[in-house]
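Biologist: Could you take a close look at one spot in this model for me, and then show me how the rest of the chain fits around it? Plain talk is fine.

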Amino acid sequence: WGAQVIVDLFSAIPFVGPDLALLIRGDFVVGDATLNRFFSFHVIAVPLVLLGLVVAHIIALHEVGSNNPDGIEIKATKDANGIPLDGIPFHPYYSVHDVFGVSVFLFVFSAIVFFAPEMGGYFLEYNNFIPADPFQTPLHIAPVWYFTPFYTLLRAVTTEMMYVLIGCVLVGAVLAVAKIKMPSLFKGLIVGGALVIVAMMMAIDAKFWGVVAMGGGVVILFFLPWLDNSPVKSIRYRPSWHKFLYAAFVINFFVIGYLGTQPVSVIAGRISQFGTLFYFGFFILMPWWSRLGTFKQVPTRVNYTAH
């Protein structure tokens with residue numbers, strides 16, 4: 001049933017959805033071909049993607065350098081040999097640090113594998129021990145716990161919610177045209193783009209936009225370096241209310257994660273929709289609110305004293 005839910009997500013794509021679902025499924029119903037493809041994807045494709053991301057991370061680390069708690073660009077202050085004064089050698093500091101971290105992880109990992117593999121039903125879900133029955137649909141199909149926040153984003157987008165999202169698009173376009181100084185051509189493009197998006201939102205079923213919301217909830221994280229327009233990098237020198245906003249985001253994330261494990265209800269649905277708006281609003285409005293407030297003076301050198 002889990003595989004069927006995943007395939008149904010792709011079937012929501014307009015025009016090509018049914019054919020794409022058939023291609024992924026490998027048959028007209030979920031069977032051996034489907035499970036073989038899902039298994040190959042998890043043990044071959046995903047590890048290769050992760051390996052590529054690790055290589056990209058190492059390249060970026062060598063090109064840009066690592067960060068520090070004060071958010072200071074250490075390459076700006078160098079000695080006579082061109083070595084940053086506040087730089088820390090990778091060995092033995094980071095090598096020992098990483099070995100210690102890996103050791104702690106392996107300790108916890110081994111404890112879970114040998115003593116608590118089910119972890120209360122969060123690692124090995126109870127539904128995995130129920131014999132498969134294609135003629136009986138489970139009362140509630142919930143994804144793995146680390147997918148539940150994004151599953152909530154999917155379920156929050158209903159036909160009623162679409163009208164709220166359309167209103168957000170129109171209000172955003174009006175504010176952008178009224179508040180941001182830009183040539184008339186760009187203002188016209190914003191208005192035209194907003195109208196096209198609204199037309200698409202009204203023409204395409206809400207199920208598709210739920211899939212877009214679920215995928216967008218993950219993809220938007222990759223744009224954080226460009227969304228954060230704060231004049232300082234470190235949270236130490238940002239306004240105090242920024243910290244409360246971050247805390248509210250974390251709480252909201254845990255709430256929608258919990259709701260993703262629960263069956264659908266009216267109250268939970270309303271909370272999920274509010275949490276979805278807050279989740280995307282946090283990121284979409286970040287270029288604006290991250291510049292607001294009174295920021296502390298950032299030192300020119302890394303400061304190791306408490307703040």
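Which helix does Leu106 lie in?

Modeller: Sure. Keep in mind that this is a predicted model. Leu106 lies in helix 4, which covers residues 90-115. Its side of the story is a middling one: Leu106 has 43% relative accessibility, so it counts as partly exposed. To get a feel for distance, look along to Phe129. Leu106 and Phe129 are 23 residues apart in sequence, and their C-alpha atoms sit 26 Å apart in space.

Now zoom out. Helix 4 belongs to a protein with 12 helices and zero strands. Read from the N terminus, the order of elements is α-α-α-α-α-α-α-α-α-α-α-α. Along the principal axes, the C-alpha atoms fill a box of roughly 75 × 60 × 35 Å. Of the 307 residues, 23% count as buried. About 21,300 Å² of surface is exposed, and carbon and sulfur atoms supply 74% of that. As for charge, there are 17 positive and 16 negative side chains, with the centres of the two sets 16 Å apart. Among contacts with a separation of 6 or more, 70% come from residues 24 or more positions apart.

Next, the domains. The domain assignment gives domain 1 as 1-64 and domain 2 as 143-306. Taken over C-alpha atoms, the centres of domain 1 and domain 2 are separated by 25 Å. Six residues of domain 1 are in contact with six residues of domain 2. Between them, domain 1 and domain 2 bury about 500 Å², and carbon and sulfur atoms give 86% of that area. On the domain 1 side, Leu9, Ala12 and Pro14 lose the most area to domain 2, together 75% of what that side buries.

Staying in that stretch of chain, have a look at Phe15. Phe15 sits in the loop between helix 1 (2-11) and helix 2 (17-25). Its phi is near 70°, a positive value in a residue other than glycine. The relative accessible area of Phe15 is 82%, so Phe15 is exposed. Further along is Gly52, which is found in helix 3 (residues 32-64). Gly52 has 37% relative accessibility, so it counts as partly exposed. Between Gly52 and Gly65 there are 13 positions in sequence, and 19 Å in space from C-alpha to C-alpha.

Over in the second half of the tour, two residues are worth clicking on. Asn252 has its place in helix 10, residues 240-259. At 11% relative accessibility, Asn252 falls under the 20% cut-off, so Asn252 counts as buried. What does Asn252 touch, leaving aside its neighbours within four places in sequence? Its contacts are Gly275, Phe278 and Tyr279.

The other one is Ser290, in the segment after helix 12 (286-289). Ser290 has 0% relative accessibility, so it counts as buried. If you skip residues up to four places away in sequence, Ser290 touches Leu227, Asp228, Asn229, Ser230, Pro231, His242 and Phe295. Val255 gives you another distance to check on screen: Ser290 and Val255 are 35 residues apart in sequence and 24 Å apart in space, C-alpha to C-alpha.

Back to your spot, then. Leu106 in helix 4 counts as partly exposed, whereas Asn252 and Ser290 count as buried and Phe15 is exposed.

Notes:
Residues numbered from 1 in each chain as written. Predicted model: local features only at pLDDT ≥ 70, side-chain atom pairs only at ≥ 80, totals over all residues. Heavy atoms only, no water. Helix = DSSP H or I, 4+ residues; strand = E, 2+ residues; numbered from the N terminus. Buried < 20%, exposed > 50% of the residue type's maximum accessible area, 1.4 Å probe, protein only. Contact = heavy atoms within 4.5 Å. Areas by Shrake-Rupley, 256 points an atom, 1.4 Å probe, with all protein chains shown as cover. Lys, Arg positive; Asp, Glu negative; His and termini not counted. Charge placed at Lys NZ, Arg CZ, Asp CG, Glu CD. Domains from an automatic or database assignment. Buried area = accessible area lost by both parts, 1.4 Å probe.
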